[in-house]
Amino acid sequence: LYLFPLFLISLLLMVGVLGNLWRADQTGEIKFAAYAGVCGLLLGNIHTYDVITVCGVWLAYVVSRCISLRTVPKKMFVHAAIVGIPTAVTTGYMAFLLRSETVFRQRALVPTIWPSGGWLMIVLGFGAVLGLAILSWFLLRRSPRQSDLLNGHSLHILAAWAVMNVAVSYIPISFQRKMIMGTHIPLAILAGLAVYQVLGTKPDRIWKLGVAAITVFMSLTNLRFLMRDIDRLPANEPGVRSFLYTGEMDALTWIRDHAERGAAIQPLPWATLADNGKLAFFDNSVACYAPGVTGHPVNAGHWGETPDFGKTMNRWTRFLSEETPDQYRIDLLRETGVQYILFTQRHDETGHSEADGKAMASIMNGSLPYIVKIPEASNREADVYKVKLP
């Protein structure tokens, strides 16, 4: 919810697949398997790799059920087929795109910065939630009240979900760390059951104080994370800022309201002089935010959405350099089809803006004849240019 709200829909669809499959298993009603199939159809299209997770979880649950019952319940395979067919349609289509579309493949296989961590990182990452989940497992296994707390084989599905979700995050793929998403759902359910088993029979005051204390204790790491982000909010570290300047937003708004529909734009990256005296990429904030603000495509923007991000963004960094020949810039504009250029490096964020400015004087003083400044779109913090190639 805080860091990656776009993942929320895929997380809900995972819950929809597994929750409805479990309901189908417990009630025998086909309609729940159909509901799960609709969720699987959407999940395969929206966040395809999560299909691996739900398949692994359900397979582990089916195995545990077969071992527990000492038989093979055929209805579980019928339900799995009802879910699997629509899910396979969208998943298969995405697999086809992965093989046939170069840009899509490069985008999909962008590696995460770090691979999945070791077991200690898993333990520390989930922290008290994992501790309470493990406690809940042992308490439920010994509790004569288990049937009052959990219906049917729900302890099996929770355990299978937690274990398999962690296991799939070690599949040797470039984005393996993302695969751990969803593990906290069964762990949080089990943790909540642990709290209830320990405090549920206590007097009302003790119950309230106990739950409040546990909530505060388990929130400390989240609060520390928020405090870190608050400290970093006004800082402009290399990469993407947490903010845009007013003039940058005004320029992007003008593009949104006046540029031709579908016209490609390119906010130039902020650049700084490296130790070798050459301009180096420093900040791509405006390029990253531009598609969302304007509705227009960029050639280089968000690091994970731009194939060969470093190479592509460095081409635009070279575009800025005073030493770059005009023919290079013209060829780049013609190749990419960019129709509007934005230059916004008007603040001393790099630490030596005077030297940086001298290295890209031809851009700053508007002396390039093939990009024409639009006065009504520009302001003291942003220059907007229309590309007019010879």
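This is a guided tour of a predicted model, moving from a nonpolar core through two of its helices to a second core and a surface patch.

Begin by selecting Trp-58, Tyr-61 and Ile-157, the residues with the most contacts inside the largest nonpolar core, which has 39 residues. To see where this core draws its side chains from, colour helices H1 (8-27), H2 (30-46), H3 (50-69), H4 (74-100), H6 (119-142), H8 (154-168) and H9 (184-199), the elements that each give two or more residues to the core.

Next, centre the view on Tyr-61 and display its surroundings: leaving out residues up to four places away in sequence, Tyr-61 touches Trp-22, Asp-25, Gln-26 and Met-76, and also His-153, His-156, Ile-157 and Ala-160.

Two of the contributing helices deserve a separate look. Select H2, whose 17 residues reach 25 Å from the first C-alpha to the last, close to the 24 Å expected at 1.5 Å a residue. Within H2, the buried residues are Phe-32, Ala-33, Ala-36, Gly-37, Cys-39, Gly-40, Leu-43 and Gly-44, and if you then show what covers them, you will find H1, H3 and H4 among the covering elements.

Move on to H8, where the end C-alpha atoms are 21 Å apart, in agreement with the 21 Å that its 15 residues should span at 1.5 Å a residue. Its buried residues are Ser-154, Leu-155, Ile-157, Leu-158, Ala-160, Trp-161, Ala-162, Asn-165, Val-166 and Val-168; of these, Ile-157 and Ala-160 were already met as contacts of Tyr-61.

Now leave this region for a second, separate core of 25 residues, which includes Leu-268, Ala-271, Leu-368 and Tyr-385. A useful residue to select here is Leu-320, found in helix H13 (residues 309-320). Is Leu-320 buried or exposed? Its relative accessibility is 0%, so Leu-320 counts as buried, the cut-off being under 20%. Apart from neighbours within four places in sequence, Leu-320 is in contact with Leu-268, Pro-269, Ala-271, Leu-279, Arg-329, Phe-343, Ala-359, Met-360 and Ile-363. A distance drawn between the C-alpha atoms of Leu-320 and Pro-269 will read 8.6 Å, although the two residues are 51 apart in sequence.

Finally, turn to the surface and select Tyr-2, Leu-3, Phe-4, Leu-6, Val-216, Phe-217, Leu-220, Leu-223, Phe-225 and Leu-226, which form a nonpolar patch with about 1,000 Å² of accessible area together. Within this selection, pick out Leu-220, which lies in helix H10 (residues 204-232) and is partly exposed, with a relative accessible area of 46%.

Technical notes: Residues are numbered from 1 along each chain as its sequence is written. This is a predicted model: local features need pLDDT of at least 70, side-chain atom pairs count only at pLDDT 80 or more; totals for chains, interfaces and linings use all residues. Side-chain values use heavy atoms; hydrogens and water are left out. A nonpolar core is a set of buried Ala, Val, Leu, Ile, Met, Phe, Trp, Tyr and Cys residues joined through side-chain atoms within 4.5 Å. Buried means under 20% relative accessible area, exposed over 50%, partly exposed in between (1.4 Å probe, protein chains only). Helices (H or I, at least four residues) and strands (E, at least two) are DSSP runs, numbered from the N terminus. Contact means heavy atoms within 4.5 Å. Patches are made of residues with over 30% relative accessible area and no salt bridge: like charges are joined within 9 Å, nonpolar side chains (Val, Leu, Ile, Met, Phe, Trp, Tyr) within 5 Å. Accessible areas come from the Shrake-Rupley method with a 1.4 Å probe; for residues, only the protein chains shown count as cover. A salt bridge is a side-chain nitrogen of Lys or Arg within 4 Å of a carboxyl oxygen of Asp or Glu. The expected span of a helix is 1.5 Å times one less than its number of residues.
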